[in-house]
Amino acid sequence: MPEASTERMTSDRVTEGSKSKEDVGMRRPKDTALKQQRMKAWQPILDPWYVIATFVVIGVIFVPVGWRLNQISNDVVEVKLEYDAYDDPNALCGINNTANAGLNCSVTLPISKDMQPPIFLHYEIKNFYQNHKRYEVSRSDSQLLGSTAPLSEREANDCHPLNIVGGVRINPAGLIPNTLFNDVVTLSSGDSSEGDPLIMREDGIAWNSDLVYKFRQVDGYRENRCDSCDNCTCDTPEWSCKEPYVEVEVDGSETCYQYYYPNDDTTQYLYETYPMVVSPREGVTNEHFVVWMRVAALSPFRKLYGWIEQPIAAGTNVTFDIKANWEVQSFKGAKSLILSTTSQFGGRNRYLGGFFLIIGAVCLGLAALFGIKQKFRPRYIADKRYLRYKED
């Protein structure tokens, strides 16, 4: 019995050994240059003269590029005027901490250089951080796409406390939509280089992809264009409006609309929160609102308000009427109007050209230092004098 057991154990070990060898053979990578790590490789040796030449090439490229970028940036004409600030008691349109004050004021921007179209009007906000973690998630994308259903638990938490206020449902809910910049800016006077009155357009300021894919009127909204404003009422139950919406056309004529919003008695819609900016026909598709909803990454930030497609000559005074509603006192901020042209790289950017100039200058300086050192105290590749092996 012991001899038989020994033979069986020996045969089992042989079998296991043969299986393990077969398994190892199956797991072995193929005999290719890639899988056996025999690929040819090039490892550059940092010869001093190659390094110096590299620094020279980088410097020679970066310095003129930086100079040209600065020149392009300086060609951008920009006129900026701060019209309200928390620490300026004599601000042109100061409203202190009174939100929705409706203060009417005018600001004039003197044009010192000729401006070629397109000319853009931005507003700038200081010390307001749209990139705050709590702020940037406080929105309901489902509501912005037209949903009138109750928010999910996650969206309700994100939009708290501007979700339900006093038993009234807010649509759209959240901090971002309900802190919309609602100063109303209109171009009141100023002539183009040809002598025609300047016209500021407020369409085309939002990303078309946002308008198409991210913002829609509420589900169930409908409207009717009245034949005459004299016979246009909202007395019938099929319309939720209290008064018809009057739209003033470009030629000065008026067109009246009846409209219906679902659950209007228990829901406060955007046009009711900001009637001075958003019309009931637009709702969340209003372009000023869409621009605001694309949160800024830094502070201060600028957002586009309108644009002018006429040239403006130097010496012209462009006046804007402002109805100030958006207060800056509570967060120690400031707001400004900026009228500017653009370049291939956008607006004025003094940092981009400076970055290229600094990098180029540093590279040329290092090339000069290394060149002087290599000239007077050279170091050669594979010089045995620099070998230090097992020295005491």
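Which residues line the second largest cavity? The legends below take that view first, and every one of them shows a predicted model.

**View 1. The second largest cavity holds about 50 Å³ of space.** Here is the answer to the opening question: the lining is made by Asn171, Pro172, Gln217, Val218, Tyr261, Tyr269, Leu270, Tyr271, Gly283 and Val284. Sorted by class, these lining residues comprise seven nonpolar and three polar ones, with no charged residue.

**View 2. The largest cavity has a volume of about 70 Å³.** If you are wondering about the full tally, searching the whole structure turns up two cavities of 30 Å³ or more. Around the largest cavity you will find Leu69, Ile72, Ser73, Ser343, Phe345, Gly347, Asn349, Leu352 and Gly353. Helix H2 and helix H9 (350-376) each bring at least two residues to this lining, and H2 contributes the most, with three. The class split is four nonpolar and five polar, and charged residues are absent from the lining of the largest cavity.

**View 3. The largest pocket encloses about 740 Å³ of space.** A total of 24 residues line this pocket, and those closest to its centre are Thr186, Glu202, Val248, Glu282 and His288. To find your way around, look for strand E6 (184-189), strand E8 (245-248) and helix H8 (287-293), each of which supplies at least two lining residues. Strand E8 gives the most to the lining of the largest pocket, namely four residues. If you are thinking about the chemistry of the wall, the lining of the largest pocket has 14 nonpolar, three polar and seven charged residues.

**View 4. Val56, Val60 and Leu364 make a nonpolar patch on the surface.** The patch covers about 210 Å². One of its members, Val56, sits in helix H2, which spans residues 48-75. Is Val56 buried, partly exposed or exposed? Val56 counts as partly exposed because its relative accessibility is 34%, and that class lies between the buried limit of under 20% and the exposed limit of over 50%. Helix H2 may look familiar from View 2, where H2 supplies three residues to the lining of the largest cavity.

Notes: Residues numbered from 1 in each chain as written. Predicted model: local features only at pLDDT ≥ 70, side-chain atom pairs only at ≥ 80, totals over all residues. Heavy atoms only, no water. Patch = residues over 30% accessible without salt bridge, like charges linked within 9 Å, V, L, I, M, F, W, Y side chains within 5 Å. Areas by Shrake-Rupley, 256 points an atom, 1.4 Å probe, with all protein chains shown as cover. Salt bridge = Lys/Arg side-chain N within 4 Å of Asp/Glu carboxyl O. Buried < 20%, exposed > 50% of the residue type's maximum accessible area, 1.4 Å probe, protein only. 1 Å grid on protein atoms, 1.4 Å probe; cavity = no way out; pocket = protein on both sides within 12 Å on 5 of 7 lines; lining within 4 Å. Points joined across faces, edges and corners; volume = space filled by probe spheres on them. Nonpolar A, V, L, I, M, F, W, Y, C, P; charged D, E, K, R; others polar.
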